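Hi,

Here is the structure I promised to pass on. Have a look at it first, and then read my notes underneath.

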Amino acid sequence: MRSESKVHRFTWHGRRCLITGVGGFVRSHLAERLIEEEAHVFGVIRSPRDLFQLKTLSINERMKVYIGDVRDYEFLEPIFKFQDIDTCFHLAATSIVAEAKRSPIHAFQTNVMGTWNVLEAARNCGVERVVVASSDKAYGEYPEEVLPYREEYELRGTGIYSCSKACADMIAHAYFLDYKLPVTVTRCSNIYGPADPNLSRIIPGTVIRIFRGIPPSVFETSQHHIREYTYITDIINAYLLLAERIDETQGKAYNVGAGHILSTLELMRKIASMMGAKMPIQVIKREFPVVEVRSQFLSSERIRKLGWKPQFSLEEGLKRTVKWYVSEEGRKFWRYLKNL
């Protein structure tokens with residue numbers, strides 16, 4: 001009688017995973033998930049202040065954290081080497097458009113130099129899988145009639161932030177082509193969910209202002225911008241899938257978007273309605289201009305063919321996010337950040 005061949009399912013149990021910029025929003029949620037999956041998780045943060053995010057998720061004592069800068073190769077390589085890292089999620093970045101414009105040298109050093117440092121350390125230490133976070137902003141501006149963005153589109157980063165992310169994206173591809181480094185790239189839509197420390201972003205900013213009885217505000221130049229929004233859990237699922245399937249995904253980029261597409265003003269009105277707010281939304285002028293693309297949304301057909309699909313509707317994701325920010329835990333979180 002012919003014996004059945006066993007199927008060996010990928011497991012994160014015992015994997016040794018490094019997450020750069022682990023004190024950030026997506027990165028800390030990724031760390032939390034990997035810890036739940038019983039991986040050995042190591043993280044890099046730039047400042048002890050970033051430990052706050054890990055404490056919020058109660059994971060700071062369940063992982064090894066190194067304080068240092070991805071711009072410093074001599075700091076990075078020993079972590080890969082002595083911790084025998086087999087998987088790296090490179091998410092450290094200057095990730096706010098306005099912040100990148102204010103500090104372009106820092107943005108390019110972090111997003112570009114930081115990327116080649118991580119990839120070089122991964123190459124020299126034989127890392128088995130690397131996921132690099134690019135962005136949908138790396139595509140730059142295309143006529144609306146050719147949207148959604150597809151992975152084969154040319155990267156036309158406009159502005160400091162999007163240009164720096166396009167550079168990081170291409171550096172990852174170069175390391176695959178020249179060294180066969182097993183690296184894949186994500187280009188995610190706008191990500192939202194609980195515990196986002198960037199309170200200037202539309203969703204947490206709107207929720208907090210409404211909760212405090214302050215009319216939410218939107219910049220005049222961006223109120224009609226079209227964006228795609230994806231809940232944090234769906235993003236984490238995508239990261240893990242791409243790493244697990246690295247034999248298929250290496251050398252490629254993957255758009256990740258849930259298909260929830262609407263204008264900034266529509267999103268704010270949806271949040272206000274969900275919170276039962278009657279106050280008007282204020283339209284304000286920027287102190288200084290920021291280069292922004294009017295419409296951005298993605299075709300995620302490539303990653304869907306791997307089996308990924310979003311689990312959360314926009315309504316369910318927003319409901320969970322609002323509930324967290326107005327909870328006692330959420331209020332402590334954003335009040336602390338406002339007092340920094």
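First, something to puzzle over: why is there no bond between the sulfur of Cys 17 and the closest cysteine sulfur, in Cys 88? Bear in mind that this is a predicted model, so everything below is computed from it.

The answer is distance. The two sulfurs, in Cys 17 and Cys 88, sit 9.4 Å apart, which is too far for a bond; a disulfide would need them within 2.5 Å. Looking from the other end, Cys 88 is in no disulfide either, and its nearest cysteine sulfur is that of Cys 17. The count for the structure is zero disulfides.

And are these cysteines buried or exposed? Cys 17 has a relative accessible area of 0%, so it is buried. Cys 88 also comes out at 0%, so it is buried too.

The other thing I looked at is a pair of helices. H7 covers residues 202–211 and H12 covers residues 314–325; their axes come within 10 Å and cross at roughly 50°. That angle is why H7 counts as oblique to H12. As for handedness, the crossing of H7 past H12 is right-handed.

Which residues make the contact? On the H7 side they are Ile 203, Pro 204, Val 207 and Ile 208. H12 brings in Leu 318, Thr 321, Val 322 and Tyr 325. Sorted by character, the residues where H7 meets H12 are seven nonpolar and one polar, with no charged ones.

Cheers

Terms used. Residues numbered from 1 in each chain as written. Predicted model: local features only at pLDDT ≥ 70, side-chain atom pairs only at ≥ 80, totals over all residues. Heavy atoms only, no water. Axes fitted to C-alpha atoms, helices over the stretch in contact; angles between N-to-C directions. Helix = DSSP H or I, 4+ residues; strand = E, 2+ residues; numbered from the N terminus. Parallel < 35°, antiparallel > 145°, perpendicular 65-115°, else oblique. Left-handed = near helix turned anticlockwise from the far one by under 90°. Contact = heavy atoms within 4.5 Å. Nonpolar A, V, L, I, M, F, W, Y, C, P; charged D, E, K, R; others polar. Buried < 20%, exposed > 50% of the residue type's maximum accessible area, 1.4 Å probe, protein only.
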